[in-house]
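Student: Could you walk me through how the terms used for this model are justified? I'd like to see each value set against its cut-off.

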Amino acid sequence: MIADRRGGRLHDMAHPVDKGYIEGRPNVIVIGGGFGGVSCIRKLGRVDANIVLIDRQNHSLFQPLLYQVATGVLADSAIATPLRRIFDRRRDVTVLRGEVDRLDLDRRIVHVDDLEMPWDHLVVATGVENNYFGRDDWAEYAPGMKSLSQALKVRSRVLNAFEQAELARARGDHDEIPSWLTFVVIGAGATGVELSGAIKQLAVDRLASEFKNLDVARTRVVLVEGGDRVLASMSRKSSAAATRTLEAYGVEIRLGSMVTNITESGVQVGDEFIASRTPIWAAGVKATGLGAMITSGLGIDGGPGGRVPVNPDLTVGDRADIRVVGDLASSHNAKTDGPVPGVAQGAIQMGAYAGDAIARVLKGRPKRTKPFQYFDKGSLATIGRGKAVLDAGPVHLSGFIAWIVWAIVHITFLINFRSRISAMWSWAWAYVLQNGVNEIITGHDVETVGDGSITPATAGNASGTDHG
Ligand SMILES: Cc1cc2nc3c(=O)[nH]c(=O)nc-3n(C[C@H](O)[C@H](O)[C@H](O)COP(=O)(O)OP(=O)(O)OC[C@H]3O[C@@H](n4cnc5c(N)ncnc54)[C@H](O)[C@@H]3O)c2cc1C
């Protein structure tokens, strides 16, 4: 039974809320409708169970293309699909929008708002969130990009920065222009690299011709990285190719550089203060809150970034009823003797493994004995217009061919036909015609105040989580 404690009454979820819920069947609860959660339910197939998918958002998000929403290349609807639509033909799947705030591990109950939901099988796929390494106050000035609303906030701030530079020029405040036209991207993993190239492309290829009096082509993009190379998770060859391409674009790369402070007027990098009104955080992630709830509840140590260490079959501790998949899981990759990377493929494969394992139990089939094994299909990152780098085993490609592979792979993995058509159309528009699809500043994301400085309307999204 799914119980609503409001007013002390218990309502049977089966009536009238959801005709798909049948009393007496086992409950499979999946928390998180990202790559891991969706793949789990798809693999579960049709089993004699009530499947409940809970997510605080109403959509599944294709995070690898968030930076294109943040730079106006893609519309948000191209990379986000309502969870209800994904499972509209599955009468056995109930979708609930809500934030899971507590897990009662002893009683096997998930708490969502005022609801209590008992589970027979629980799959936790809530992923990770931005990590400011103890400086959550920086989130106000340097938003991260883990959710759609964060990407829309970044888009508004980036576009607003050009508008503020134009206003400063019109006012004659020429000293203010450089800080508006300087973008600091912190973290040179795939997100930071892709975003830096895309901001340059936005400025040089698209906006420069639209701002008649302002020299937008002077836009500076500074990419700050604490390590000794960009794209550290890829091969040195791809890293070097990405560096060359970024530098050819004019992106300034600062390696071995630590950010020590971020304020509304700029970023302190070692001894250097970079005056910038638009820093963007792409420097790290940590487990979402349910991770700590599971590890502390089961008395096990958390993994790197608070991730949940999982057994080879993705269960946790001695609990055969709890599985953790995707970015939230800290799973060992026997092939590389390292961790399974926090990438979409890892989440999809873990979700499918967990779904299959639960289906076997529910169908009374023998338990799967083979442990989860991650299959690395390769890595890709794009840098600006028509350029990308690719690692696939011994193969390393860069340039236009890698970009074609990147485009095909991303089109293939977009969740539905409409998103694919929308993305292809937008890419043609952006890369061939050099036009943006959605260069709109949405009023609720940024406001400007009298002195031209920026006030985040939703300041202090400190944990990096998104509830909007
Ligand atoms: C900007 C960016 C770029 C990336 N680029 C690439 C790339 O190029 N290639 C690649 O392979 N990977 C990339 N990744 C990583 C990839 O997106 C992740 O590995 C993948 O999304 C992990 O899937 P997941 O299902 O574990 O979590 P997610 O996809 O993050 O899904 C987690 C879901 O859980 C929900 N949730 C969280 N907490 C709660 C809660 N308490 N209650 C209810 N719901 C909750 C969230 O709303 C979300 O829908 C990128 C990630 C980002 C952020």
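Student: What makes the approach of aspartate 327 to the ligand a polar contact?
Tutor: A polar side-chain atom of aspartate 327 lies 2.8 Å from an oxygen atom of the ligand. A polar contact is a pair of N or O atoms within 3.5 Å (inside the protein, one must be able to donate a hydrogen and the other to accept it, and residues adjacent in sequence count only if both atoms are side-chain atoms), so this pair qualifies. Keep in mind that this is a predicted model, where local features need pLDDT of at least 70 and side-chain atom pairs count only at pLDDT 80 or more, while totals for chains, interfaces and linings use all residues. Residues are numbered from 1 along each chain as its sequence is written, and side-chain values use heavy atoms, with hydrogens and water left out.

Student: Which backbone atoms meet the same cut-off?
Tutor: Among them is a polar backbone atom of glycine 36, 2.8 Å from a ligand oxygen. Glycine 342 also places a backbone N or O atom 3.2 Å from an oxygen of the ligand. Both values are within 3.5 Å, so both count.

Student: How much of the ligand's area does the protein bury?
Tutor: Taken alone, the ligand exposes 1000 Å², and the protein buries 89% of that. Those accessible areas come from the Shrake-Rupley method with a 1.4 Å probe (for residues, only the protein chains shown count as cover).

Student: What makes a residue part of the shell around the ligand?
Tutor: One of its heavy atoms must lie within 4 Å of the ligand. There are 25 such residues, and Gly36, Asp55, Gln63, Asp327 and Ala344 come nearest. Helix 1 (35-44) and helix 10 (344-362) each give two or more residues to the shell; helices are DSSP runs of H or I with at least four residues, and strands are E runs of at least two, numbered from the N terminus.

Student: How do you know that strand 15 and strand 16 are paired?
Tutor: Pairing requires at least two bridges found by DSSP. Strand 15 (residues 259-263) and strand 16 (residues 266-269) have 4 bridges in the antiparallel sense, so they pass. Isoleucine 262 has valine 267 of strand 16 as its bridge partner, and 2 residues separate the two strands in a hairpin.

Student: Why is the pair of tyrosine 353 and phenylalanine 372 called edge-to-face?
Tutor: Ring centres of Phe, Tyr and Trp (its six-membered ring) must lie within 6.5 Å, with planes under 30 degrees apart counting as stacked, over 60 as edge-to-face and the rest as tilted. Here the centres are 5.8 Å apart and the planes 85° apart, so the label fits.

Student: What does that pair tie together?
Tutor: Tyrosine 353 lies in helix 10 and phenylalanine 372 in the loop between helix 10 and strand 26 (379-382), so the pair links parts 19 residues apart in sequence.
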